[in-house]
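Please open the model in your viewer and keep the sequence panel beside it. The stops below say what to select next and what is to be found there.

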Amino acid sequence: MSLSRRARSISPSPTLAITAKAKEMKKSGIPVISFGAGEPDFDTPAEIKMAGSKAIKCGFTKYTPDSGIIELKEAVCQKFKEDNGLDYETSEILISCGAKHSLFNAIFALCDEGDEVIIPSPYWVTYPEQVKMTGARPVIVETFEGNDFKLTPAQFKENITSHTKAIILNSPSNPTGSVYEPNELEGLARVAVEAGVYIISDEIYEKLIYDGKRHISVASLGKEIKDLTITINGVSKAYSMTGWRIGYAAGPKDVIRAMSSIQSHTTSNPTSISQLAALEAIKGRQECVAEMVKEFNRRRKYIVDRLNKIRGISCITPYGAFYVFPNVESLLSMRFKGEEIKDSFRLSQVLLNEAHIAVVPGSAFGASNYLRLSYATSLEDIENGLDRIEKILEKLE
Ligand SMILES: *Cc1c(COP(=O)(O)O)cnc(C)c1O
């Protein structure tokens with residue numbers, strides 16, 4: 001068997017691997033508490049599900065235009081105008097099979113072999129792999145906890161070469177929960193405009209934001225940066241619709257046209273039924289989002305507070321998404337039953353095997369001294385889970 005160089009260069013998603021192992025253990029009767037989830041634990045709101053059922057009943061079950069139905073594009077334009085102060089025409093919008101798919105289309109439309117794409121770490125696991133799939137090179141730039149894991153304009157500038165094609169930004173961030181402030185985005189936008197580098201801005205967690213922080217779309221900061229930005233968003237996280245697979249992109253007409261063309265020869269249209277459900281999500285009552293945010297916020301406060309009380313763990317406050325990214329560096333020189341815990345991967349294995357707690361090691365996101373815990377799970381599970389973590393860590397010496 002001989003697989004392509006590209007296929008061999010990519011690694012499977014480590015987050016999915018951990019959740020799969022935890023599910024397997026659960027199935028065999030082990031009471032695993034999982035902090036691994038990358039999706040909201042709430043049901044898709046009833047009106048949205050109804051819109052999907054209605055689409056089936058009405059026979060809206062055939063091919064749609066490859067780049068999505070016009071009604072949904074119009075709703076997305078309206079959303080960009082109201083939420084982000086951005087004016088787009090429908091020809092500047094692409095509807096895809098999830099934000100992940102929009103992201104892939106964007107990277108595929110922009111990058112050639114030999115191009116470089118700057119990715120601040122900690123990063124979402126998919127970014128470097130998608131860049132590698134196009135033959136381009138991910139340039140990982142480390143950010144620091146002291147700066148809330150945010151890339152500075154100076155760091156951005158230092159890493160630009162004649163090969164740099166784009167940078168991928170993600171605010172609010174998975175895995176750190178960091179949110180860029182307007183002035184920070186302005187600084188990054190200035191560097192991008194000066195160098196003519198595209199910004200691929202993944203804003204999938206825009207609605208899951210806390211403590212009065214405001215989400216800013218980098219494209220809204222001026223015409224020059226708008227012409228260089230592809231904004232990626234979707235309904236998966238805000239409306240608990242991960243299984244429906246609807247995401248979208250907005251950007252310059254020529255880039256969106258290229259992305260649509262790529263999509264037309266790979267998946268064709270996103271599912272007709274899901275497009276009508278997404279239309280209801282975006283145009284319908286938004287109370288469901290506020291309720292979800294309120295519950296996430298309650299858990300966020302609890303989990304940050306508890307983690308900071310555990311010996312050897314410190315955790316900065318995340319302002320968005322539904323993850324915490326605690327620093328576990330001081331545990332990594334310790335021993336469990338005589339064996340050295342040499343990295344966060346080993347620590348996550350000990351947590352899973354000995355305490356039946358599933359977490360994702362920071363190494364999956366390019367930051368090995370950390371763990372990622374998702375609080376998209378019940379407060380009761382969070383309480384019990386943290387009790388278990390506290391107890392097992394007391395046994396480290
Ligand atoms: C979940 C997630 C996505 C993908 O969302 P889909 O629309 O379900 O494909 C994209 N980016 C980040 C950072 C995510 O966490």
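Begin at the boundary between the two domains of this predicted model, where 40 residues of domain 1 are in contact with 33 residues of domain 2. To colour them, select 5–43 together with 288–393 for domain 1, and 62–283 for domain 2, as the domain assignment gives them. The centres of the two domains, taken over C-alpha atoms, are 26 Å apart, and the area buried between domain 1 and domain 2 is about 3100 Å², with carbon and sulfur atoms giving 59% of that area. Now show Arg-6, Ile-316 and Tyr-319 as sticks, since these residues supply 23% of the area that domain 1 buries against domain 2, more than any other three residues.

Stay with Arg-6 and add Glu-113, whose side chain meets that of Arg-6 in a salt bridge at 2.7 Å, N to O. Between domain 1 and domain 2 the count is two salt bridges, while 17 residue pairs are in polar contact across the interface, both residues of each pair being at pLDDT 80 or more. On the side of domain 1 that touches domain 2, the elements giving two or more residues are α1 (5–9), α2 (14–27), α12 (287–309) and β9 (323–324), and α12 gives the most, with eight residues. Coloured by class, this side of domain 1 shows 22 nonpolar, eleven polar and seven charged residues.

Next, select helix α12 and look at its charged side chains. Arg-300 and Asp-211 meet in a salt bridge at 2.8 Å, N to O; because Arg-300 lies in helix α12 and Asp-211 in the loop between β6 and α9 (223–226), the pair ties together parts that are 89 residues apart in sequence. Which partner is buried and which is partly exposed? Arg-300 is buried, with a relative accessible area of 1%, whereas Asp-211, at 46% relative accessibility, counts as partly exposed.

Also in α12, the side chains of Arg-299 and Glu-295 meet in a salt bridge at 3.1 Å, N to O, and the two residues are separated by about one helical turn because they are four residues apart in that helix. Arg-299 is buried, with a relative accessible area of 3%. Add Asp-41 and Arg-298 to the selection, and you will have the network of salt bridges that links Asp-41, Glu-295, Arg-298 and Arg-299.

Move on to helix α6, residues 126–133, which is mostly covered, six of its eight residues being buried. The buried residues are Thr-126, Tyr-127, Pro-128, Glu-129, Gln-130 and Val-131, and around them you can display the elements they pack against, among them α1, α5 (99–110) and β3 (116–121). Following α6 is Gly-135, whose phi is positive, near 90°.

Strand β5, another element packed against by the buried residues of α6, holds Thr-164. Thr-164 is buried at 9% relative accessible area, and its side chain reaches the backbone nitrogen of Thr-161 at 2.8 Å. Leaving aside residues up to four places away in sequence, Thr-164 touches Glu-116, Ile-118, Asn-159 and Val-197.

For the last stop, select Ser-344 in helix α13, residues 344–355. Ser-344 counts as buried, at 0% relative accessibility, and beyond residues up to four places away in sequence its contacts include Leu-332, Pro-361, Tyr-370 and Leu-371.

Definitions and conventions
Residues numbered from 1 in each chain as written. Predicted model: local features only at pLDDT ≥ 70, side-chain atom pairs only at ≥ 80, totals over all residues. Heavy atoms only, no water. Domains from an automatic or database assignment. Contact = heavy atoms within 4.5 Å. Buried area = accessible area lost by both parts, 1.4 Å probe. Salt bridge = Lys/Arg side-chain N within 4 Å of Asp/Glu carboxyl O. Polar contact = N/O pair within 3.5 Å; in protein donor to acceptor, adjacent residues only side chain to side chain. Nonpolar A, V, L, I, M, F, W, Y, C, P; charged D, E, K, R; others polar. Buried < 20%, exposed > 50% of the residue type's maximum accessible area, 1.4 Å probe, protein only.
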